[in-house]
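Let's take a walk through this protein, starting with the overall layout and then stopping at a few side chains. Keep the model open as you read.

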Amino acid sequence: MDTTAMEPVQAYLTATGERLRADGCEVRTEDWGGTPVLIGYRGDFRMRWMATKLHLFTIAAPTMRVTADVLEAFSTSAMDYVLARKGQLRGFQNGVAVLPALVGLEVEPAAAAWAQEKQRLKFAALARPVAVDARTGAAAAFRGSPALGFIYAAHLRGKLDAYFPVA
């Protein structure tokens, strides 16, 4: 990849890391098959969530172009990663959520539409994929209130807005 061309992507990822830290997340970078991936984690407990703890991971990676297929595959990988780390006790007063974000120089309209369509669910785990155009700052994600997982909807919307602000 041309590092000069990728400067807006790296700047967006750096700013995202700063936003995660400012919100109290543990932040680190891991190598996923030769790609540096930003990972933020926080756990929150609320009585209004039926006395559950939500383990929230934000996983962001650089790419040249965000397509629906690549975003879907990345979201699946991110969910698998999260379930391997915090998914053992999910459902027993524990929930797991991930905000898998691909940050690119271009976002295909189909990728933005796929991200905005709905959250993706597994038992006591959910993902809200994010497609980010680093040049404009536009971040497409589902920001609604679904029927399943509705108790976390406002919290997740707030975290999406904090970490991936709408341009």
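What you have here is a predicted model, and its protein chain has four helices and ten strands. Follow the sequence and the order of elements reads α-β-β-β-β-α-β-β-α-β-β-β-β-α. Of the 167 residues in the protein chain, 50% are buried. The accessible surface comes to about 7,900 Å², and carbon and sulfur atoms account for 57% of that. As for who touches whom, take the contacts between residues at least 6 apart in sequence: 67% of them join residues at least 24 apart.

Now for the aromatic rings. The model has four aromatic pairs. One of them is Trp 32 with Tyr 81, a tilted pair with 5.3 Å from centre to centre and 50° between the planes. This pair links distant parts of the chain, with Trp 32 in strand β1 (residues 26-32) and Tyr 81 in helix α2 (residues 68-86), 49 residues apart. Are these two partners buried or exposed? Trp 32 has a relative accessibility of 21%, so it counts as partly exposed, because the buried class stops at under 20%. Tyr 81, at 7%, is buried.

Tyr 41 and Phe 57 make another tilted pair, 4.8 Å centre to centre, again with 50° between the planes. Tyr 41 lies in strand β2 (residues 35-46) and Phe 57 in strand β3 (residues 52-62), so this pair ties together parts that are 16 residues apart in sequence. Both Tyr 41 and Phe 57 are buried. Put the rings together and you get one aromatic cluster, formed by Trp 32, Tyr 41, Phe 57, Phe 74 and Tyr 81.

Tyr 81 has a charged companion, too: the charged end of Arg 85 sits over its ring, 3.7 Å from the centre. Look for a similar arrangement at Trp 114, where the charged end of Arg 120 sits over the ring, 3.8 Å from its centre.

One more arginine deserves a stop. Where is Arg 143? You'll find Arg 143 in the loop between β10 (138-141) and α4 (153-163). Its relative accessible area is 18%, so Arg 143 is buried. Which residues does Arg 143 contact, leaving aside its neighbours within four places in sequence? They are Arg 128, Arg 157, Leu 160, Asp 161, Phe 164 and Val 166. With Phe 164 there is also a polar approach: a polar atom of the Arg 143 side chain lies 3.0 Å from the backbone oxygen of Phe 164.

Conventions: Residues numbered from 1 in each chain as written. Predicted model: local features only at pLDDT ≥ 70, side-chain atom pairs only at ≥ 80, totals over all residues. Heavy atoms only, no water. Helix = DSSP H or I, 4+ residues; strand = E, 2+ residues; numbered from the N terminus. Buried < 20%, exposed > 50% of the residue type's maximum accessible area, 1.4 Å probe, protein only. Polar contact = N/O pair within 3.5 Å; in protein donor to acceptor, adjacent residues only side chain to side chain. Contact = heavy atoms within 4.5 Å. Areas by Shrake-Rupley, 256 points an atom, 1.4 Å probe, with all protein chains shown as cover. Phe/Tyr/Trp six-rings, centres within 6.5 Å; stacked < 30°, edge-to-face > 60°. Lys NZ or Arg CZ within 6 Å of the ring centre and 35° of its normal.
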